[in-house]
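Reader: I am new to this structure and would like a close look at a single part of it. Please choose one residue, describe its surroundings with care, and define your terms as you go.

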Amino acid sequence: DLLITVDERARWGAEAGFGLNTDQGARIFARGIRRNLWGIGHRLDAHGLFGINYASDTLTDWSPDLNSLDWRVAVRYTAPHFPWRRSELVLDVLLRERFQQRTWRMARTGAGITLNLDVSRRTRISTTLRGELRDLQQYDPRALLPGEPWKVLDEQEASKGCHPCRLADSL
């Protein structure tokens, strides 16, 4: 006789942490995972971040900017073997992911749907449809080149932000 014992992975998972970054400030983050939803192998992941930025971009001024708090939330739902046996459906939502570069800062919010189809053990076809709202929050006008998707904003419009939408798909 052959006796095999299997322990199921924990249904809940959690992580938390904090950090201090020289160009973005202090951050705290958390992640929660719920595995095997409804007993059918579906999974839900949630990520959250909260941070305080610096008031200045200089290395000598580390005072916090309480008027510019940073936060981000992301949720992903994964359904294996849906809608077919050898496929996987992934739904995701992202709120206020911020990109900080040397000459600009942008936030984006969006949602997407991905369908993965395993054709063989080594081949996977993946198609994604994603919609995003992007907000150019701060920029250096000298960094914009002619023909870029961001229109040149005067100082009054820059305080309101710029909200181009983007719909993307990939295969």
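Author: What follows starts with the chain as a whole, turns to one residue and its strand, and then moves outward to the space beside it.

This is a predicted model, in which local features need pLDDT of at least 70 and side-chain atom pairs count only at pLDDT 80 or more, while totals for chains, interfaces and linings use all residues. Residues are numbered from 1 along each chain as its sequence is written, and side-chain values use heavy atoms, with hydrogens and water left out.

The protein chain has one helix and eight strands, where helices (H or I, at least four residues) and strands (E, at least two) are DSSP runs numbered from the N terminus. Read from that end, the order of the elements is β-β-β-β-β-β-β-α-β. Of the 171 residues in the protein chain, 27% are buried, a word that stands for under 20% relative accessible area, as against over 50% for exposed and the range in between for partly exposed, with a 1.4 Å probe and protein chains only. Contact means heavy atoms within 4.5 Å; among contacts between residues at least 6 apart in sequence, 44% join residues at least 24 apart.

The residue chosen is Asn53, which lies in strand β3 (residues 42-54). Why does Asn53 count as buried? Asn53 counts as buried because its relative accessible area is 9%, and the limit is under 20%. Its side chain is joined to that of Arg27 by a polar contact of 2.9 Å, that is, by a pair of N or O atoms within 3.5 Å, of which, within protein, one must be able to donate a hydrogen and the other to accept it, and residues adjacent in sequence count only if both atoms are side-chain atoms. Once neighbours within four places in sequence are set aside, Asn53 is in contact with Gln24, Arg27, Ser63, Pro64, Asp65, Ser68, Asp70 and Arg98.

The strand that holds Asn53 has partners that can be followed one by one, given that two strands pair if DSSP finds at least two bridges between them. Strand β2 (residues 25-37) runs antiparallel to β3, and ten bridges join them; Arg34 stands opposite Leu44 in β3. The hairpin of β2 and β3 has four residues between the strands, and Trp38 takes a positive phi there, near 55 degrees. In strand β2 itself, Asn36 is found, and its phi is also positive, near 55 degrees, in a residue other than glycine. Most residues other than glycine have a negative phi, and most peptide bonds are trans. Strand β4 (residues 64-80) is likewise joined to β3, in antiparallel fashion, through twelve bridges, and Arg43 has Thr78 in β4 as its bridge partner.

From the strands we turn to the open space. Rolling a probe the size of a water molecule over the atoms shows where empty space is left. A pocket is, on a 1 Å grid over the protein atoms alone, an open set of points for a 1.4 Å probe with protein on both sides within 12 Å along at least five of seven lines, and its lining residues have an atom within 4 Å of a point. The largest pocket holds about 320 Å³ of space, the volume being the space filled by probe spheres set on the points, which are joined across faces, edges and corners. It is lined by 19 residues, and Asp23, Asn53, Arg98, Gln100 and Arg105 are the closest to its centre. Strands β3, β4 and β5 (87-100) are the elements that give two or more residues to this lining. Its classes come to three nonpolar, six polar and ten charged residues, where Ala, Val, Leu, Ile, Met, Phe, Trp, Tyr, Cys and Pro count as nonpolar, Asp, Glu, Lys and Arg as charged, and the others, Gly among them, as polar.

A last step follows the chain from β4 to β5. In the loop between these strands lies His81, which is partly exposed because its relative accessible area is 45%, and which has a positive phi near 60 degrees. Pro83 has its place in the loop too, and a cis peptide bond, with omega about 5 degrees, joins Phe82 and Pro83. Ser87 lies in strand β5 and is buried at 4% relative accessibility; its side chain reaches the backbone oxygen of Trp84 at 2.8 Å.
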